[in-house]
Amino acid sequence: MTVNESATDRAIRFVLALVLFYFAFQSASPWNWILGLVAVVLLFTAITGFCALYKLLGISTKR
């Protein structure tokens, strides 16, 4: 896995993951489980700097 996200991209993903985690723990509806799952994926990509979707599409925000 090579890093394909810039520092700005990673920071945005991290903040968005925190916001989604906040909304995911507000109640116990099925949508909140989905929000939690998306938040986990965003947090993982923010920490590792690798996005599989970017890799599939041939995109890289890292210079």
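Buried, on this tour, means under 20% relative accessible area, exposed means over 50%, and partly exposed is whatever falls in between (1.4 Å probe, protein chains only). The model is predicted, so local features need pLDDT of at least 70 and side-chain atom pairs count only at pLDDT 80 or more, while totals for chains, interfaces and linings use all residues. Residues are numbered from 1 along each chain as its sequence is written, and side-chain values use heavy atoms, with hydrogens and water left out.

**Stop one: arginine 13**

Select arginine 13. At 12% relative accessibility, arginine 13 counts as buried. Add aspartate 9, which is buried too, with a relative accessible area of 13%. Both sit in helix H1, four residues apart, or about one turn of the helix; helices here are DSSP runs (H or I, at least four residues; strands are E, at least two), numbered from the N terminus.

Now show the charged atoms. A salt bridge needs a side-chain nitrogen of Lys or Arg within 4 Å of a carboxyl oxygen of Asp or Glu. Between aspartate 9 and arginine 13 the closest N and O atoms are 3.1 Å apart, so that's a salt bridge. Bring in glutamate 5, also buried, and you get another one to arginine 13, with the closest N and O atoms 3.2 Å apart. Shared partners tie Glu5, Asp9 and Arg13 into one network. How many salt bridges does a search of the whole structure find? Two.

Keep arginine 13 on screen and add tyrosine 54: arginine 13 lies over the face of that ring, at 5.1 Å from the ring centre. The test is NZ of Lys or CZ of Arg within 6 Å of the ring centre and within 35 degrees of the ring normal.

**Stop two: serine 6**

Serine 6 is in the segment before helix H1 (7–24). A polar atom of its side chain lies 3.2 Å from the backbone nitrogen of aspartate 9. Leaving aside residues up to four places away in sequence, serine 6 touches Thr61 and Lys62 (contact means heavy atoms within 4.5 Å).

**Stop three: the aromatic rings**

Rings of Phe, Tyr and Trp (its six-membered ring) pair if their centres lie within 6.5 Å; planes under 30 degrees apart are stacked, over 60 edge-to-face, the rest tilted. That rule gives two aromatic pairs. Select phenylalanine 21 and phenylalanine 25 for the stacked one: 6.3 Å centre to centre, 15° between the planes. Phenylalanine 21 is partly exposed at 22%, whereas phenylalanine 25 is exposed at 69%. Then pick tyrosine 22 and phenylalanine 23, an edge-to-face pair at 5.3 Å and 70°.

Technical notes. A polar contact is a pair of N or O atoms within 3.5 Å; within protein, one must be able to donate a hydrogen and the other to accept it, and residues adjacent in sequence count only if both atoms are side-chain atoms.
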